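Here are a few short exercises to try with the model open beside you. Have a go at each one before reading its solution.

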Amino acid sequence: MATPLSPDKLLAALKAEGLNVREYKSWRTHRRPASAGAFGSINGVMTHHTVTGPGTDVVALCYNGHASLPGPLCQGVIKKDGSVWLTSAGRSNHAGLGDADVLRAVIAEDYGDYPPTDNQANTDGNRHFYGFECENLGDGKDPWPKAQYVAMVKANAAILRAYGWTAKSAIAHKEWQPGKVDPAGIDMKKFRADIAACLKLPPGKWGVAPAPPAPKPALTVEQRLAALEKRVTTLESKVQ
Ligand SMILES: [Zn+2]
């Protein structure tokens, strides 16, 4: 039985990965009411796209929800710039009803490149999964900037690391609920491979650009003359 992370633990796990974490409004206490259902046992992390573009305050939208779906709509929003905005530490409206066979495979962390086909909607996903809503139009053309993709991998890894789980506990909404396509354009086999690579390293080390090589020290006049002399000598020997 994995219980939900406390707000402090969730925040610390994300920050440890080196993420740019932002705390939105009353995220620590903002959650679906108990009458909507339980939160936990926690079994994994689910990734989504928001179907929003520039001009939408995507964090406010995911915090408040909308007429047909009350917020919060996820625990965290990952914007195009890679910033991670916490909107809830409790139950959120992101996963809907999904497939019990998928949940079983995730709990066992036992499946191949992809979990079993999600052809049933019989299990409350909001109870069992953390959700990250990632800013993207979801049309399959809107690109995933590097900064955002790296943040998505790290945010998943942060929670998996906190529980001691592998990348197989990270799934997409499109792998959970029949008819869903999000996150569009993300191949979950590669996404899980990147999460696995992140988990192999200490927190905060994956996806960091290596430091550029130190510039060569400038040559002294003597060294330049010596090098020139060597080249001339070589040329002369070839001419002869
Ligand atoms: Zn979704």
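**Exercise 1.** In this predicted model, work out whether His 48 is buried or exposed.

*Solution.* Start with the cut-off: buried means under 20% relative accessible area. His 48 has a relative accessible area of 1%. So His 48 counts as buried.

**Exercise 2.** Do the same for His 173: buried or exposed?

*Solution.* The relative accessible area of His 173 is 5%. With buried set at under 20%, His 173 is buried too.

**Exercise 3.** Find which protein donors the zinc ion has, and how they are spaced along the chain.

*Solution.* Look around the zinc ion first: His 48 (ND1), His 173 (ND1) and Asp 182 (OD) are its protein donors, at 2.0 to 2.1 Å. Next, read them along the chain, and you get the spacing H-x124-H-x8-D. Now place the two histidines: His 48 sits in strand E2 (residues 44-49), while His 173 is in the loop between strand E10 (170-172) and helix H6 (188-200). The pair therefore ties together parts that are 125 residues apart in sequence.

**Exercise 4.** Describe how helix H1 and helix H5 cross, and which residues meet there.

*Solution.* Take the axes of H1 (residues 7-16) and H5 (residues 146-163): they come within 8 Å and cross at roughly 125 degrees. That angle is why H1 is oblique to H5. The crossing is right-handed. Finally, list the contacts: Leu 10, Ala 13 and Leu 14 of H1 meet Ala 155, Ala 158, Ile 159 and Ala 162 of H5. Sorted by class, that's seven nonpolar residues, with no polar and no charged ones.

Note on methods
Residues numbered from 1 in each chain as written. Predicted model: local features only at pLDDT ≥ 70, side-chain atom pairs only at ≥ 80, totals over all residues. Heavy atoms only, no water. Axes fitted to C-alpha atoms, helices over the stretch in contact; angles between N-to-C directions. Helix = DSSP H or I, 4+ residues; strand = E, 2+ residues; numbered from the N terminus. Parallel < 35°, antiparallel > 145°, perpendicular 65-115°, else oblique. Left-handed = near helix turned anticlockwise from the far one by under 90°. Contact = heavy atoms within 4.5 Å. Nonpolar A, V, L, I, M, F, W, Y, C, P; charged D, E, K, R; others polar. Donors = N, O, S within 2.8 Å, 3.2 Å for Na, K, Ca; no water. Buried < 20%, exposed > 50% of the residue type's maximum accessible area, 1.4 Å probe, protein only.
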